[in-house]
Amino acid sequence: MTQLNHPRHHTAEPPEDIVLGVDTHKDVHVAAVVTTTGALLDNRSFPTTQEGYRQLLSWARSFGRLQRAGVECTGSYGSALTRYLHSADVTVIEVNQPDKATRRRRGKTDAIDAAATAHAVLSGRATATAKTSDGPVESIRMFKVAKGSAVKSRSQAINQLKAVVVSADPALRESLIGLSNPKFIRRCSELEAADGTGPAAAACHTLRLLARRIQHLTEEINDLTARITTTITACAPRLLERYGVGPDTAAALLIAAGDNPERMGSESSFAALCGVSPVEASSGNTQRRRLNRGGDRQANSALYTIVLARLRWNTRTRDYVERRISEGKTRREAIRCLKRYIAREIYQSIVRPGGPEVAPTSIT
């Protein structure tokens with residue numbers, strides 16, 4: 001009997017899932033690929049250029065299906081790579097550097113660090129989704145960096161201006177004493193440039209130069225403040241409507257949340273990110289909670305500034321603090337509770353900028 005041979009149809013196996021780990025540096029990134037079982041497949045270095053990022057992603061995907069990547073320093077050296085991977089639909093997990101005990105045991109090389117980053121994602125030690133840094137909040141961050149340096153430079157110039165006046169010629173000094181800061185700076189900027197190389201001529205020239213520098217820095221600061229306010233109004237229109245929230249505090253809180261605030265999951269996560277969530281400090285018969293000294297300290301400072309504004313002008317807030325103190329809490333603990341409530345309000349304004357207004361939690 002003739003035997004019919006039926007052709008066998010080979011079905012292609014689905015690609016294996018892999019995890020990418022990247023140890024970031026200024027000029028090169030070192031990448032490692034591991035399987036879901038933790039086996040290291042390969043590691044390689046890539047330049048920190050657009051073509052280097054393309055090569056890194058293509059190389060990683062040649063080993064299997066890439067859905068997750070662990071990246072160190074996502075807010076600095078790894079920020080551009082994070083944006084590139086996010087645009088390629090790869091979930092980027094922020095990974096902290098390994099602890100010193102692990103480094104002493106395993107040694108330290110870029111390849112080891114890259115593999116450790118991938119293993120941190122695989123094991124679940126690293127779970128925080130990285131900020132995308134590709135929207136209006138990144139613009140606010142850059143404006144705030146420029147404004148911060150301008151404010152520091154202006155303060156330094158004002159201090160130098162006043163120091164020069166102290167040692168200036170008595171006739172010049174007496175003509176400037178008693179003026180408010182704006183009038184003092186304007187008067188110094190209008191001084192005539194004196195000829196000669198003596199101390200009096202040098203004082204006039206220095207005062208004029210410093211005053212004009214202060215005026216230029218003031219124009220920079222005002223321009224950056226306007227840009228920050230415009231950007232905040234566009235991305236979180238209700239944030240500046242909160243009592244005691246100004247452009248600088250709103251900018252610090254938005255920067256902490258990032259361009260993808262949904263990564264936090266809940267308002268308690270935002271509170272922990274700002275360092276205002278209570279931390280258990282119980283022992284034996286003592287049951288208590290202490291202040292959280294972690295989190296984003298600039299966001300924590302912004303919340304504290306909002307609390308101070310409300311304590312000064314809002315009667316309801318002052319009544320709340322007095323009531324909590326009468327219940328046995330210290331003033332610092334009462335303020336910590338206030339910061340926690342304000343973090344809840346801010347979270348609603350950030351994650352639902354155009355949604356229905358959510359009434360703030362009562363503190364009475």
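**View 1. Glu 327 and its salt-bridge partner.** In this predicted model, Glu 327 is partly exposed, with a relative accessible area of 48%. The side chain of Glu 327 meets that of Arg 323 in a salt bridge, with a distance of 3.1 Å from N to O. Arg 323, the partner in this pair, also counts as partly exposed, at 32% relative accessibility. Side chains of opposite charge can pair when their charged atoms come close.

**View 2. A salt bridge within helix H1.** Arg 54 and Glu 51 both belong to helix H1, where they are 3 residues apart, or about one turn of the helix. The two residues form a salt bridge in which the closest N and O atoms are 2.5 Å apart. Arg 54 is partly exposed, its relative accessible area being 41%, and Glu 51 counts as partly exposed at 38% relative accessibility.

**View 3. Further salt bridges.** Arg 44 and Asp 42 meet through their side chains in a salt bridge of 3.9 Å, taken from N to O. Here Arg 44 counts as partly exposed at 41% relative accessibility, while Asp 42 is partly exposed with a relative accessible area of 26%. Elsewhere, Lys 108, Asp 110 and Asp 113 are linked in a network of salt bridges. Over the whole structure, the search finds 13 salt bridges.

**View 4. The five-stranded sheet and its edges.** The strands of this open sheet, 5 in number, follow the order E3-E2-E1-E4-E5, and their pairing is mixed. Strand E3 (40-47) and strand E5 (91-95) stand at the edges with a single partner strand each, so that one side of each is left without a neighbour in the sheet. On average, and with direction ignored, neighbouring strands of this sheet are turned by 25 degrees against each other.

**View 5. Strands E1 and E4, with the helices that pack on the sheet.** Strand E1 (residues 17-24) and strand E4 (residues 65-72) run parallel and are joined by 6 bridges. Within this pair, Leu 20 stands opposite Ala 69 in E4. Helix H1 (residues 50-61) packs on the sheet, where it touches E1, strand E2 (28-35), E3 and E4, and the direction of H1 makes about 170 degrees with that of E3. Helix H4 (residues 110-123) lies across E1, E2, E3, E4 and E5, and runs at about 135 degrees to E1.

**View 6. Strands E4 and E5 and the crossover between them.** E4 and E5 run parallel and are joined by 5 bridges. Val 71 stands opposite Glu 94 in E5. From E4 the chain crosses through helix H2 (residues 79-87) to E5, and the β-α-β crossover made in this way is right-handed.

**View 7. Buried cysteines without a bonded partner.** Cys 188 is buried, with a relative accessible area of 0%. The closest cysteine sulfur to that of Cys 188 is in Cys 204, 9.3 Å away, which is too far for a bond, because a disulfide requires the two cysteine sulfur atoms to be within 2.5 Å. Cys 274 is likewise buried, with a relative accessible area of 0%. For Cys 274, the closest cysteine sulfur is in Cys 235, at a distance of 15 Å, which is again too far for a bond. By this rule, the count of disulfides comes to 0.

Key: Residues numbered from 1 in each chain as written. Predicted model: local features only at pLDDT ≥ 70, side-chain atom pairs only at ≥ 80, totals over all residues. Heavy atoms only, no water. Pairing = 2+ DSSP bridges. Helix = DSSP H or I, 4+ residues; strand = E, 2+ residues; numbered from the N terminus. Axes fitted to C-alpha atoms, helices over the stretch in contact; angles between N-to-C directions. Contact = heavy atoms within 4.5 Å. Right-handed = clockwise from strand over helix to strand, strands pointing away. Buried < 20%, exposed > 50% of the residue type's maximum accessible area, 1.4 Å probe, protein only. Salt bridge = Lys/Arg side-chain N within 4 Å of Asp/Glu carboxyl O.
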